[in-house]
Amino acid sequence: MSSSAKKFICIHGHFYQPPRENAWLEVIEVQDSAHPYHDWNERISAECYAPNAASRILDKVGGVIKNITNNYARISFNFGPTLLSWMELYDKEGYEGILEADRESIARFDGHGSAIAQVYNHMILPLANRRDKETQVIWGIRDFEKRFKRKPEGMWLAETAVDTESLEILAEQGITFTVLAPRQAKATRKIGDTNWNEVNDQTVDTKKAYRCLLPSGKSITLFFYDGNISQSVAFNGLLNDGKRFAEQLINSINHNDDQPQLVHIATDGETYGHHHKHGEMALAFALEYIDKHSDVELINYASFAAKFQPQYEAQIIENSSWSCVHGVERWRSNCGCNSGKPGFTQTWRKPLREALDWLRDTLTEIFEQEGKKLFNDPWEARNEYIKVVLKRNDETVKRFIKTQAIADVDINKALRLMELQRHAMLMYTSCGWFFDEISGIETVQVIQYACRAIQLSKQLTDQDLEAAFLSKLELAPSNIATYENGANVYRKLVLPAKTNLPRVGMHYAVSSIFEDEPESLPLFNYKATNEFFVKKEAGEQKLVTGITKVQSLVTRSEKKFAFAVIYLGKHDLIGNLSLDIEMDKFFGMQFRMVNAFEEGRLGDVISIMQTYFGPEKYSIWSLFKEEKRKILDAIARQGMEDIESSLRRTYNRDYPLVNALSNNDIPIPKAYKTTFEYILNADILKCFQPEKINVKTLERIVSELERWNLKIEDTGKVERLAGESIFKEIKRVRAERENVKRIERLNRLFPVLEKFKLEPNLHHSQNLYFETSLENKQRKPEEINEEWLKQFTLLGDNLGVKVE
């Protein structure tokens, strides 16, 4: 279709996850509720973000994959900066797919990329002060520029929450458009007309772009998305049928209007795959269907705005949003908007907002008082600090200090002051108020950021704001009797995560017991350097002593510690730490301790430790959550191996007896069935561990499970292992195109999986198969083994991929 027809469709996805990183360690700790994935970011990335970068289009007959396409290249989208920072490290393939899609969209849409920026950490801008609004917009722009290598034309406002001041700041920073909900339009008129026409979510013409003239004289373009279709996509099942989805968009065009029209929708991006399984496939089908349609054309917002200047202008409803019918009350009051937990109220929202506002204002005073001693312009320095956040290395820090700080500044203090402000903004992440309960993980996260900011303020000024903050949190009631109020949520759920250099030092000391190379131990955003380290082992018992320096990679603060840890077996260990190091005294203690340990006098070792370090002790419970889980899992695994060994002896010894019972229709004792189920499940997991999938053993195990009417216990874990193993095996198949046995063995796996209704995630495997198929097409027929090709075609059937 030629652009002269002026009928366009745009689908926008708002892809975002709240920051989940521990406020001190800057990593996401394991989240059991996301099982079998490590955390929710990893799970949602596997279900949504990665699949949309390589989405499947199925054929009409067999329901198999006939094409794989990058959805992002044909839609409009924004990704939260804090989410992209996670993807850059933990889902590189998905991350690169997003960046590549933007480059493709620039070529597709006349030089205008489909990606738009987002305010940095999803702060509700109408509830923020002007300085925070400015920094959120500037940081969002800078993050976008670093990743997409261009300036953003549009910006997504958190929850589309808007007021005039926020639009002014967008315009000041060069943003040309934003997207709003239809209920956020107050009135419209044709440019040049005098009278305004009041509108609502059903009467505003969402097919037009609108100019919003601002008090400063600047203007910004507004797109009010189609609320009815967006609602149907997100909540009413429209994604169940990609064709119906496409036709509803196409049929919304007004063919009696010869003016430029844009039918456009906006939803959470997670709608396409996470909220609705296979939603990304419905989207891919719809995009292809629209692409082939002669009456409409796909476009993105930036391209439409460049082609067609707005002929109408609009006024906004101040302090409005897309997810609260009461404006922005969801983020400051018990307005009635919630996620529907019966019997819960949100009376905690107002006191939480007020507590954080008090903390922000108090921290602002500290920032300005201390900042003028350190920076030429503290607020300008805060805006520029995003460069350090995006690339934390010595060179970036030096450049930041050189351009923003006064001469001979205390670098540690300067960085702490910037981190104080970063956390003072992170504590306003919108998800902290969105859900039902103050003890929910999203709200605990924002309170954790507040705790970190309080800690930094005390390190800078010796002024402790914690008691006053807690008194305000006491006014925020919890719906759960265990917590009673926000102050107890702080004490029970936030303080255990609190970290300082001594705790990092003890984590390192305790962890070093279990590591062969302790200096390679991951310490998140800290690093440890040993000046002296001794490790002794005597059977199960272990002893380490040392002197190490721990440094924060964020604030550059550092401390030196002496430590000693004795491990007595299982989870029983004792550790000590000292900041007050006298070298002669330490080496004398270390000499006596090693001698006592080597002579088996463990009581004397503990006595010497207490004499030198004092009575305060650390244990395995002093470790950070991730390392603690890892070590306890390893210890438990040793015990489980003993249990398995015992059960396996029973299995091997008594199998003939159980077989005889079965053959003579005698009931099999439950203890035997439990033993068989345990051993067979353990063996299933082992089938996916080696370099090749042990299909022969797997077939035997499945036969045994069927025979004894037993089940697979952890289907999620087996599915994940199977998915990973299949991908590795297809890599080998691709590299060994003459190895018929390998691909034949892999094909035997699929009937086994089907028998137990196991559905591994085949996303990466299907992508790789598709790429390999295209490579096969480039080869001459005589270069490909006929039997291998036959098995490769069968593998495509098993994977559900068909290449024309």
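In this predicted model, Ile116 touches a set of residues beyond its neighbours within four places in sequence. These contacts are His12, Phe77, Asn78, Phe79, Phe144, Gly154, Met155, Trp156 and Phe177. Ile116 belongs to strand β5, which covers residues 115–118. Its relative accessibility is 4%, so Ile116 counts as buried, the limit being under 20%. Glu153 lies 37 residues from Ile116 in sequence. In space, the C-alpha atoms of Ile116 and Glu153 are 6.6 Å apart.

Phe177, one of the contacts of Ile116, also takes part in a sheet. In β11, the bridge partner of Phe177 is Thr221. Strands β7 and β11 pair in the parallel sense, over 4 bridges. They belong to an open sheet of 6 strands. The strand order is β7-β11-β10-β14-β8-β9, and the pairing is mixed. Strands β7 (177–180) and β9 (197–198) stand at the edges. Each has a single partner strand, so one side of each is left without a neighbour in the sheet. Helix α5, residues 164–172, lies across β7, β10, β11 and β14. The helix α5 runs at about 115° to β11.

Aromatic residues recur in this part of the structure. Phe177 joins Phe8, Phe223, Tyr301, Phe304 and Phe308 in one aromatic cluster. The structure as a whole holds 44 aromatic pairs. One of them is formed by Tyr210 and Tyr312, in an edge-to-face arrangement. Their ring centres are 6.4 Å apart, with 65° between the planes. Tyr210 lies in strand β10 (residues 209–213), and Tyr312 lies in strand β14 (residues 312–316). The pair therefore ties together parts that are 102 residues apart in sequence. Tyr210 is buried, at a relative accessible area of 2%. Tyr312 has 26% relative accessibility and counts as partly exposed.

A further pair is that of Phe223 and Tyr301. The ring centres of Phe223 and Tyr301 are 4.7 Å apart and the planes stand at 40°, so the pair is tilted. Phe223 is in strand β11 (residues 219–224), whereas Tyr301 is in helix α9 (residues 301–307). This pair therefore ties together parts that are 78 residues apart in sequence. Phe223 and Tyr301 are both buried.

Aromatic rings also meet charged side chains. Arg330 lies over the face of Phe434, at 3.6 Å from the ring centre. Arg353 lies over the face of Trp433, at 4.2 Å from the ring centre.

Helix packing is illustrated by α1 (residues 40–53) and α2 (residues 81–90). Their axes come within 11 Å and cross at roughly 90°. Helix α1 is therefore roughly perpendicular to α2. On the α1 side, Asn41, Glu42, Ser45 and Tyr49 take part in the contact. They meet Leu83, Trp86 and Met87 in α2.

Another open sheet has 4 strands, in the order β15-β16-β17-β18. Its pairing is antiparallel. At the edges stand β15 (526–538) and β18 (572–578). Each of these has a single partner strand, so one side of each is left without a neighbour in the sheet. Direction ignored, neighbouring strands of this sheet are turned by 15° against each other on average. Strand β17, residues 558–569, is joined to β18 by 7 bridges. These two strands run antiparallel. Ala564 has Asn576 as its bridge partner in β18.

Two helices accompany this sheet. Helix α20 (residues 583–598) lies across β15, β16 (541–552) and β17. Its direction is at about 155° to β16. Helix α21 (residues 602–613) packs on the sheet and touches β16, β17 and β18. The direction of α21 makes about 160° with that of β17.

Further along the chain, Glu787 is found in helix α28, residues 786–799. Glu787 is partly exposed, with a relative accessible area of 35%. Glu787 and Ala735 are 52 residues apart along the chain. Their C-alpha atoms are separated by 16 Å.

Definitions and conventions:
Residues are numbered from 1 along each chain as its sequence is written. This is a predicted model: local features need pLDDT of at least 70, side-chain atom pairs count only at pLDDT 80 or more; totals for chains, interfaces and linings use all residues. Side-chain values use heavy atoms; hydrogens and water are left out. Rings of Phe, Tyr and Trp (its six-membered ring) pair if their centres lie within 6.5 Å; planes under 30 degrees apart count as stacked, over 60 as edge-to-face and the rest as tilted. Buried means under 20% relative accessible area, exposed over 50%, partly exposed in between (1.4 Å probe, protein chains only). A charge sits over a ring if NZ of Lys or CZ of Arg is within 6 Å of the ring centre and within 35 degrees of the ring normal. Two strands pair if DSSP finds at least two bridges between them. Axes are lines fitted to C-alpha atoms, for helices over the stretch in contact, and angles run from 0 to 180 degrees between N-to-C directions. Contact means heavy atoms within 4.5 Å. Angles under 35 degrees count as roughly parallel, over 145 as roughly antiparallel, 65 to 115 as roughly perpendicular and the rest as oblique.
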